[in-house]
Amino acid sequence: MSEQPVLYGAAYSVYVRAARLALTEKGVAYRLVPVDIFAPGGPPPEHLARHPFGRIPAFEHRGFALYETGAITRYVDEAFPGPALQPQAPQPRARMNQVIGILDVYAYRTLVWDIYVERVSAPKRGRASDEARIRDALPWAATCLAALDAIMGPGPFLTGPELTLADLHAAPVFALFTAAPEAEPLLLPHPGLQRWWGRIAARPSMAATSQA
Ligand SMILES: N[C@@H](CCC(=O)N[C@@H](CS)C(=O)NCC(=O)O)C(=O)O
């Protein structure tokens, strides 16, 4: 049984990076064990035993196995010493959970799969971008950014004066989205969000999680 938490996944993954950011911001040493969910035969059977939906990350600490990134990052915050990554007061805590929900349900698919993957990843892999998919995603992307901006208010972090899990779930999404040229015009109406991204992108935890 490992004392040190273990994260099963791949460094390229948005969700794995959110979990790594939480561990890093808490100052928790962990092991990243590579899993190839896109292997020709599908996710390896030992990974499906950890995660029946075949996604990454999966997590383990002292024999306690967990999947779903929101559960993992909240567990990491609550089980380890270090700076609190969740507000105590009900209202800012609800805002943090609201942002994580927006990212999971709306922003991840739109900003990462519809825009970043189509515009940046697909051509790198020799596939033409699906222009219709990108075009259709732009209004949704604008809605996602406006919603996050409205919640952020004066900042400097997404849900107020302190860094929270909301920032750590959002940062990996923005790291990919902002690599697409579509990001700049979409972010233009949101200078507060741009400043937030500049601030988050410069954190040592982002450098520490930029590769395996
Ligand atoms: N709800 C899951 C989502 C995890 C997820 O979708 N991870 C992506 C990588 S960033 C994945 O495993 N994708 C594989 C697939 O879609 O088959 C969580 O919160 O952990």
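How many of the 13 residues of helix α6 are buried? Twelve of them are, and α6 is thus described as mostly covered. Here, buried means under 20% relative accessible area, exposed means over 50%, and partly exposed is what lies in between, with a 1.4 Å probe and protein chains only. The structure is a predicted model, in which local features need pLDDT of at least 70 and side-chain atom pairs count only at pLDDT 80 or more, while totals for chains, interfaces and linings use all residues. Residues are numbered from 1 along each chain as its sequence is written, and side-chain values use heavy atoms, with hydrogens and water left out.

Helix α6 is a good place to begin the tour. Helices (H or I, at least four residues) and strands (E, at least two) are DSSP runs, numbered from the N terminus. Helix α6 covers residues 165-177 and reaches 19 Å from its first C-alpha to its last, close to the 18 Å expected at 1.5 Å a residue. That expected span is 1.5 Å times one less than the number of residues. The buried residues of α6 include L165, D167, H169, F174 and F177. The helix also bends by about 30° at A171, and the proline P172 follows within four residues; the bend is the angle between axes fitted to the seven residues ending at a residue and the seven starting there. At the N-terminal end, T164 acts as a cap, with a side-chain oxygen 3.1 Å from the backbone nitrogen of A166.

The loop between α5 (131-152) and α6 holds P156. The peptide bond from G155 to P156 is cis, with omega near 5°. G155 lies in this loop too, and it counts as buried because its relative accessibility is 15%. Along the chain G155 and G192 are 37 residues apart, yet their C-alpha atoms are separated by 7.5 Å.

Helix α1 (residues 14-26) also has 13 residues, and 19 Å separates its first C-alpha from its last, close to the expected 18 Å. Twelve of the 13 residues of α1 are buried, so this helix is largely enclosed by the rest of the structure. Among the buried residues are V14, R17, R20, E25 and K26. The N-terminal end of α1 is capped by S13, which has a side-chain oxygen 3.2 Å from the backbone nitrogen of Y15. Just after the helix, G27 takes a positive phi of about 75°.

One of the buried residues of α1, E25, links up with helix α9 (residues 204-208), where S205 has its place. The side chains of S205 and E25 are joined by a polar contact of 2.6 Å. A polar contact is a pair of N or O atoms within 3.5 Å; within protein, one must be able to donate a hydrogen and the other to accept it, and residues adjacent in sequence count only if both atoms are side-chain atoms. S205 counts as buried because its relative accessibility is 5%.

Strands β3 (residues 58-61) and β4 (residues 64-67) run antiparallel and are joined by four bridges; two strands pair if DSSP finds at least two bridges between them. H61 stands opposite F64 in β4. The two strands form a hairpin with two residues between them. In that turn, R62 has a phi near 50°, a positive value in a residue other than glycine. R62 is partly exposed because its relative accessible area is 49%. The loop between α2 (45-50) and β3 contains P57, and a cis peptide bond, with omega about 5°, joins I56 and P57.

On the other side of the hairpin, E68 is found in the loop between β4 and α3 (69-79). Its phi is near 90°, again positive in a residue other than glycine. E68 counts as partly exposed because its relative accessibility is 46%.

What residues are found around the ligand? They include S13, V14, Y15, I56, P57, E68 and T69, where near means that a heavy atom of the residue lies within 4 Å. A polar side-chain atom of R55 lies 2.8 Å from an oxygen atom of the ligand. An N or O atom in the side chain of E68 is 2.7 Å from a nitrogen atom of the ligand, and one in the side chain of T69 is 2.7 Å from an oxygen atom of the ligand. Taken alone, the ligand exposes 510 Å², of which the protein buries 81%. These areas come from the Shrake-Rupley method with a 1.4 Å probe; for residues, only the protein chains shown count as cover.
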